[in-house]
Amino acid sequence: MENNNNKENETKQDEEQTQVINPWQVSSKGKIDYDKLIDQFGCQRLDQSFVDRVHRLTNRSPHIFLRRNVFFAHRDFNEILDGYERGEKFYLYTGRGPSSEALHLGHLVPFMFTKYLQDAFKVPLVIQLTDDEKCMWKSLTVEESKRLARENAKDIIACGFDVSRTFIFSDFDYVGGAFYENMVKVAKCVTYNKVVGIFGFTGEDHIGKISFPPVQAVPSFPSSFPHLFSGKDKLRCLIPCAIDQDPYFRMTRDVAPRLGYNKPALIESLFFPALQGETGKMSASDANSAIYVTDTQKAIKEKVNKYAFSGGQDSIENHRKYGANLEVDIPFKYLSFFLEDDEELEHIRKEYGSGRMLTGEVKKRLIDVLTEMVERHRAARAAVTDEMVDAFMAVRPLPNMFA
Amino acid sequence: MGVSKAQLLERLQAQQIQFSQYDHPVVMTVEAQAKYVGHIKAGLSKNLFLKDKKHRYYIVSALADTKVDLKVLSQRLGLGKGGLRMAPEEAVSEILEVPLGSVTPFALVNESARNVSLLLDQGFKTHECCFFHPLSNDTSITLKIQDLYTFLKSVERMVAYVDLEANPTVGKDQPPDLAALVPSDTPSIQNISEKTATLQIDGDVKSKPVAVTAKASKVSSGQQKEKPVNTANSSSSFADPEQFIEEILKKASAFVVAEIKEENIKQHGDQLGAVVSDSIRKNLTLEFKNLATMFKNTAYTEGFGAGIRCPAKRL
């Protein structure tokens with residue numbers, strides 16, 4: 001999946017100059033206007049009734065990302081839930097473009113949520129590592145992209161996916177057979193002009209890039225995985241992803257009916273804001289914009305204290321008077337992503353918003369929460385061996401995938 | 001299986017590396033070796049097998065009278081003070097696959113030693129030829145140091161000449177000069193031979209004997225980029241049911257004990273049991289589920305590994 005390449009291409013959809021959101025660029029003059037984005041893209045808001053419905057259907061507390069509206073938009077999620085209620089299963093599809101070894105928390109967000117979906121609905125999952133895409137876009141060698149794919153797979157596995165329901169594959173390894181047949185079918189349905197319109201390719205771009213989109217589209221179709229879903233052509237697919245990936249799947253949804261396939265459903269998240277503030281995404285190239293899963297306790301403390309953008313007032317007096325601006329305060333925002341306890345978050349919202357609590361205290365709480373997360377991830381990652389990666393990536397049947 | 005002395009000597013001959021061979025009774029020290037071959041004009045070597053706190057291994061091979069200060073080396077490698085110590089005896093046979101007293105640069109030809117970093121005393125270059133054990137301490141061979149270097153490089157091992165007596169300052173503005181010689185993060189246990197073996201990698205407190213098959217042994221060796229919270233516990237507790245349960249009980253008990261304090265007793269009285277029980281569920285469920293999933297994944301992987309090596313016979 002392509003994120004944040006900082007290319008200056010503007011797609012046909014980016015008519016507004018105030019914010020630019022596409023798979024390669026996420027930037028905005030002020031705060032990102034998600035309502036406008038939903039309008040612009042044409043997807044739906046995920047409101048409280050959905051969260052309640054998920055709670056009912058799965059019989060467990062909805063994931064923190066649902067409760068806090070991190071996953072806030074969708075396409076056809078209601079149809080997935082309708083089907084589920086009738087006893088119809090679905091499968092999950094998500095992915096990563098392995099462009100660097102360093103994963104930050106923003107990268108983990110879709111995986112954390114996908115793991116919850118896997119456990120709550122008891123459905124299988126395919127994870128695509130687009131090593132070919134990174135090889136093409138980031139001028140990595142084939143060997144290096146494949147290596148990064150395997151390294152990233154370890155971090156992904158560390159998020160806690162169940163090996164008996166999860167298939168991880170890298171494009172370089174897996175493309176071929178039925179998967180490739182679907183790629184060709186999809187490619188036949190998308191004109192050059194269309195793909196330029198969606199992704200902003202130019203005459204200077206090499207043909208590898210232009211022919212890449214079908215690779216990311218076809219995992220939405222169960223027939224791409226004959227070893228898993230043979231005979232289940234009508235199985236629906238749900239794709240948890242960040243909202244900047246929407247263009248890929250708009251294209252896929254457009255093509256699906258023409259091929260006689262179901263359209264994939266989507267459930268989309270906000271961007272995880274950079275430490276410095278809401279106007280962009282975390283960037284793997286700026287080490288201080290993000291908390292990495294390899295950061296030490298000391299580094300986390302330093303980054304939060306030094307770089308996290310504070311919505312607090314400039315003096316203690318003013319702060320006690322006016323309270324913190326929670327709209328832009330990064331420590332509070334991060335807590336809303338990761339602090340499990342709803343009550344505690346409410347408490348902090350009240351106290352900090354009214355000025356009774358100071359930024360330092362909020363930051364300290366955040367440091368604790370992040371450190372615990374990162375340590376837990378590291379311990380889990382330490383238990384992931386090369387052979388475990390092989391097991392997850394083996395083309396094997398998953399007999400208990402719906403159990 | 002470790003490479004044998006005969007196999008090694010054959011390989012040297014095949015690569016047309018000149019060497020002279022001297023057989024003698026088993027010697028455990030340089031002094032003893034000198035008794036038999038000391039009269040030959042060639043540099044005698046002493047060979048130290050070392051390990052650091054992250055289970056990475058090093059051979060320091062030096063002229064017998066070069067002073068080797070482990071504290072200095074440790075700093076120069078960027079391991080801090082006291083980061084290097086002598087590797088335990090088991091490691092000599094497990095990783096280098098040579099008998100005790102035979103530590104030699106040649107041990108790097110073994111797959112199990114592929115991640116061991118070799119530091120060669122620069123001083124060797126001042127001698128025409130130098131003495132090394134060809135994987136066994138009942139023989140010594142002399143050869144040109146450059147031939148040894150090239151030979152080991154040809155099997156893609158980490159070898160470097162180092163001025164072992166240098167003592168440069170290491171500080172904020174002077175990075176450790178030998179940092180590049182530290183092996184990359186995966187320790188050398190990976191490619192131990194295919195037989196089932198009981199591994200006891202390090203001699204210190206954290207080690208746990210784990211009976212595993214070849215590749216699955218990685219689980220216990222701790223393939224870690226950083227020190228995780230519970231070092232050896234985390235990785236091996238996912239392979240061994242007893243440790244797994246121990247880990248869970250430890251966490252749960254610690255939690256319960258922390259919750260039973262005066263203020264809580266006062267507040268909840270005889271309801272405290274229910275309160276603590278709820279609290280455990282609320283706070284530990286997610287973590288325990290994750291631990292259990294890792295346990296399952298580890299077991300599945302072991303089965304997967306066994307399956308691909310030995311397909312089940314179906315009747």
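**Exercise 1.** Does His55(B) count as buried or exposed, and at what relative accessibility?

*Solution.* This is a predicted model, in which local features need pLDDT of at least 70, side-chain atom pairs count only at pLDDT 80 or more, and totals for chains, interfaces and linings use all residues. Residues are numbered from 1 along each chain as its sequence is written, chains are lettered from A and ligands numbered from 1 in the order in which they are written, and side-chain values use heavy atoms, with hydrogens and water left out.

Step 1. Apply the classes: buried means under 20% relative accessible area, exposed over 50%, and partly exposed in between (1.4 Å probe, protein chains only).
Step 2. His55(B) has 16% relative accessibility and counts as buried.
Step 3. Place the residue: His55(B) is in the loop between β2 (45–52) and β3 (57–63) of chain B. Helices (H or I, at least four residues) and strands (E, at least two) are DSSP runs, numbered from the N terminus.
Step 4. Check the backbone: phi of His55(B) is near 60°, a positive value in a residue other than glycine. Most residues other than glycine have a negative phi.

**Exercise 2.** Locate Gln16(B) and state its phi and exposure.

*Solution.*
Step 1. Gln16(B) lies in the loop between α1 (5–14) and β1 (19–23) of chain B.
Step 2. Its phi is near 55°, which is positive in a residue other than glycine.
Step 3. Gln16(B) is exposed, with a relative accessible area of 70%.

**Exercise 3.** Describe the surroundings of strand β5 in chain A.

*Solution.*
Step 1. Strand β5(A) covers residues 90–96, and 7 of its 7 residues are buried.
Step 2. Sort the residues by face: Phe90(A), Leu92(A), Thr94(A) and Arg96(A) are on one side, Tyr91(A), Tyr93(A) and Gly95(A) on the other, and all are buried.
Step 3. Find the strand partners, given that two strands pair if DSSP finds at least two bridges between them. β5(A) runs parallel to β8(A) (residues 236–242), joined by 3 bridges. With β6(A) (residues 125–129), the pairing is also parallel, over 5 bridges.
Step 4. Name one bridge partner in each neighbour: Phe90(A) has Arg236(A) in β8(A), and Gly95(A) stands opposite Gln128(A) in β6(A).

**Exercise 4.** Classify the ring pairs Trp137(A)–Phe212(A) and Tyr248(A)–Phe249(A).

*Solution.*
Step 1. Rings of Phe, Tyr and Trp (its six-membered ring) pair if their centres lie within 6.5 Å; planes under 30 degrees apart count as stacked, over 60 as edge-to-face and the rest as tilted. Over all chains, the structure holds 41 aromatic pairs.
Step 2. Trp137(A) and Phe212(A) are 5.8 Å apart centre to centre with 75° between the planes, an edge-to-face pair.
Step 3. Trp137(A) lies in helix α6 (residues 131–137) and Phe212(A) in the loop between α11 (207–210) and α12 (213–217) of chain A, so the pair ties together parts that are 75 residues apart in sequence. Trp137(A) is buried at 9% relative accessible area, and Phe212(A) is buried at 1%.
Step 4. Tyr248(A) and Phe249(A) form a tilted pair, at 6.4 Å centre to centre and 50° between the planes. Tyr248(A) is buried at 1%, and Phe249(A) is buried at 0%.
Step 5. Ring pairs also build a cluster, whose members include Phe65(A), Phe113(A), Phe272(A) and Tyr334(A).

**Exercise 5.** Which charged residues sit over the rings of Phe41(A) and Tyr161(B)?

*Solution.*
Step 1. A charge sits over a ring if NZ of Lys or CZ of Arg is within 6 Å of the ring centre and within 35 degrees of the ring normal.
Step 2. Arg250(A) lies over the face of Phe41(A), 4.7 Å from the ring centre.
Step 3. The charged end of Lys125(B) sits over the ring of Tyr161(B), 4.1 Å from its centre.

**Exercise 6.** Where is pLDDT below 50 in chain A, and where is it under 50 in chain B?

*Solution.*
Step 1. pLDDT is the predictor's confidence in each residue, from 0 to 100.
Step 2. Chain A has a mean pLDDT of 89, with 92% of its residues at 70 or more. Its residues 2–16 are below 50, and this stretch has 53 contacts (heavy atoms within 4.5 Å) beyond near neighbours in sequence.
Step 3. Chain B averages 79, with 81% of the residues scoring at least 70. Its residues 186–234 stay under 50, with 110 contacts beyond four places in sequence.
Step 4. Where pLDDT is low, the predicted coordinates should not be read in detail.
Step 5. For the complex, the predictor gives an ipTM of 0.81 and a pTM of 0.66.
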